[in-house]
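Hi,

Here is the structure I promised to pass on. Have a look at it first, and my notes follow underneath.

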Amino acid sequence: MSERTHETAPSEGDEETVVKPVVAVVGRPNVGKSSLVNRVIGSRQAVVEDVPGVTRDRVAYDASWREREFTLVDTGGWDTNLSGLAAQVARQAEYAAQTADVVLFVVDANVGITDTDEAVTRVLRRAGKPVVLAANKVDGQRQEPEAMALWNLGLGEPYPVSALHGRGSGDLLDAVLDAFPERPRISDEVEESGPRRVALVGRPNVGKSSLLNKVAGEDRVVVDPVAGTTRDSVDELIELGGKTWKFIDTAGIRRRFRALQGADYYATRRTAVTLERAEVAVVLIDVSEPLAEQDIRVVEQVLEAGRALVLAFNKWDTLDDERRYYLEKEIDRQLSRVSWAPRVNISATTGRHLARLVPAIETGLASWDARISTGRLNGWLKELVAATPPPVRGGRQPKILFATQAGVRPPHFVLFTTGFLEDSYRRFIERRLREDFGFEGSPIKLSMRIRE
Ligand code: GDP
């Protein structure tokens, strides 16, 4: 069994996607899977009743125990069109074992071991994933012996629980945590305080320094030396729209280093370094000249860095009708990839529409920070996939089992699948994500976790 991660967005120097551990709950209908899921995730995101034949609209949820976060997947929502209960449950167990880090196998202690439970056990044993066995409906001590009978499944210790009353669920979750794989946790949510960091980028002569002077004014500038970097790397705190912003590496903008700026390589390097430290990039484009390859290159650098993006079309004061006509064509043709970026048409010289910059930056940052709950995401995904399933590939229909948002800044989604999804289908998902959730002004990353 192998696992591969595929990225759609460019991911220069990207570390391996760190996804929260996935716990999949399997078991026959009516053993109390949904109640257990509800118990773990809390009533806020409650699941509908575990009625056989009724498919749930959501399959995955955010959960946590003892400050460890994980994704809880309710397999009851999968593949309910398979005929035969045992086959259906066994198939769900198979998927669960393929995609999850830990399988939480729920058995009804009052009923005891059934043929279906045994079928599931065989599947889980073969898969070799850690299994935690929950003996459910042990509402009181009287039923404990019934739970102990589940040792006979050969899956280790049965944890007696009452999903309904909560009895035993702590021990059960401790066992689940113990079974998690050791993984480095890279937190993407370091709450950084202080002003948000803006990069003003664009090829030479688009008007960066003019804009900076206009919004800051030479005299109102507070220079903020950057620790540990070269002397000429300076940030400025600038007040705009009632808030303070940190403009990154303004020395590089203000300095008249024409000879060096002219050198493509130097400009590109400097932009990359600036973007690295910024959260949102305002890409300036000079409308008095045709869109140049260098303009597109800067936009691509922002995408590579995964920063929020605002397009500022500068020197709008120079525009006549004819140039405007061609400009719109150029934008359509060359910037369609970032049609989600807010656009402001400004003039650094006249001050036209400068007040629109801040709302655009704020929109981009809000999208960059945005998080969709796992429950909501999967409800949405389920509908989307039902209406437009992934295309068959090599005679097989890849299945998207569930999805989680692995990170923010920018939003990063991971699809857990049983097969490769065509690029076109992934682009379709990305497009629909944007249509339904917005993300105006932020790139989004979409990757796949394939088990095969
Ligand atoms: P930078 O290299 O990106 O910092 O660009 P500069 O700010 O040095 O601007 C390059 C040239 O464009 C200068 O001659 C500016 O006066 C001119 N410029 C900048 N913004 C505007 C604008 O909005 N309208 C017009 N007409 N000229 C501008």
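Let's start at the ligand: one of its oxygen atoms has a polar side-chain atom of Ser347 3.1 Å away. The protein covers 76% of the 580 Å² of accessible area that the ligand has on its own. Before you read on, please keep in mind that this is a predicted model.

Ser347 has company in reaching the ligand. A polar side-chain atom of Lys315 sits 2.8 Å from a ligand oxygen, and Gly207 takes part through its backbone, with a polar atom there 3.0 Å from an oxygen of the ligand. In total, 17 residues surround the ligand, and the closest are Asn205, Lys208, Ser210, Asp317 and Thr349. What kinds of residue make up this shell? Eight are polar, six are charged and three are nonpolar. If you want one element to look at here, pick helix H6 (residues 208-216), which gives the largest share of the shell, three residues.

Next, the nonpolar cores. The largest one has 33 residues, and Val26, Phe105, Val120, Leu124, Leu133 and Phe402 have the most contacts inside it. Several elements supply at least two residues each, including strand E2 (22-26), helix H3 (115-127) and strand E15 (400-407). Helix H2 gives the most, with six residues. For a way into this core, try Leu124: leaving aside neighbours within four places in sequence, Leu124 is in contact with Val26, Ala93, Ala97, Val103, Phe105, Lys129 and Val131. There is also a second, separate core of 28 residues, with Ile238, Ile346, Ala348 and Leu357 among them.

Helix H1 (residues 33-41) is worth a stop too. Is H1 mostly enclosed or mostly open? Seven of its nine residues are buried, so H1 is largely enclosed by the rest of the structure. The buried ones are Lys33, Ser34, Leu36, Val37, Asn38, Val40 and Ile41. Their cover includes E2, E5 and E6, along with strand E3 (60-65), strand E4 (68-74) and helix H5 (169-178). Right after H1 comes Gly42, with a positive phi near 85°.

One last thing, on a charged residue. Arg426 belongs to helix H14 (residues 423-437). Is Arg426 buried or exposed? Its relative accessibility is 3%, and buried means under 20%, so Arg426 counts as buried. The side chain of Arg426 has a partner in that of Asp423, and a polar contact of 2.5 Å joins the two.

Over to you!

Technical notes. Residues are numbered from 1 along each chain as its sequence is written. This is a predicted model: local features need pLDDT of at least 70, side-chain atom pairs count only at pLDDT 80 or more; totals for chains, interfaces and linings use all residues. Side-chain values use heavy atoms; hydrogens and water are left out. A residue is near a molecule or strand if one of its heavy atoms lies within 4 Å of it. A polar contact is a pair of N or O atoms within 3.5 Å; within protein, one must be able to donate a hydrogen and the other to accept it, and residues adjacent in sequence count only if both atoms are side-chain atoms. Accessible areas come from the Shrake-Rupley method with a 1.4 Å probe; for residues, only the protein chains shown count as cover. Helices (H or I, at least four residues) and strands (E, at least two) are DSSP runs, numbered from the N terminus. Ala, Val, Leu, Ile, Met, Phe, Trp, Tyr, Cys and Pro count as nonpolar, Asp, Glu, Lys and Arg as charged, and the others, Gly among them, as polar. Buried means under 20% relative accessible area, exposed over 50%, partly exposed in between (1.4 Å probe, protein chains only). A nonpolar core is a set of buried Ala, Val, Leu, Ile, Met, Phe, Trp, Tyr and Cys residues joined through side-chain atoms within 4.5 Å. Contact means heavy atoms within 4.5 Å.
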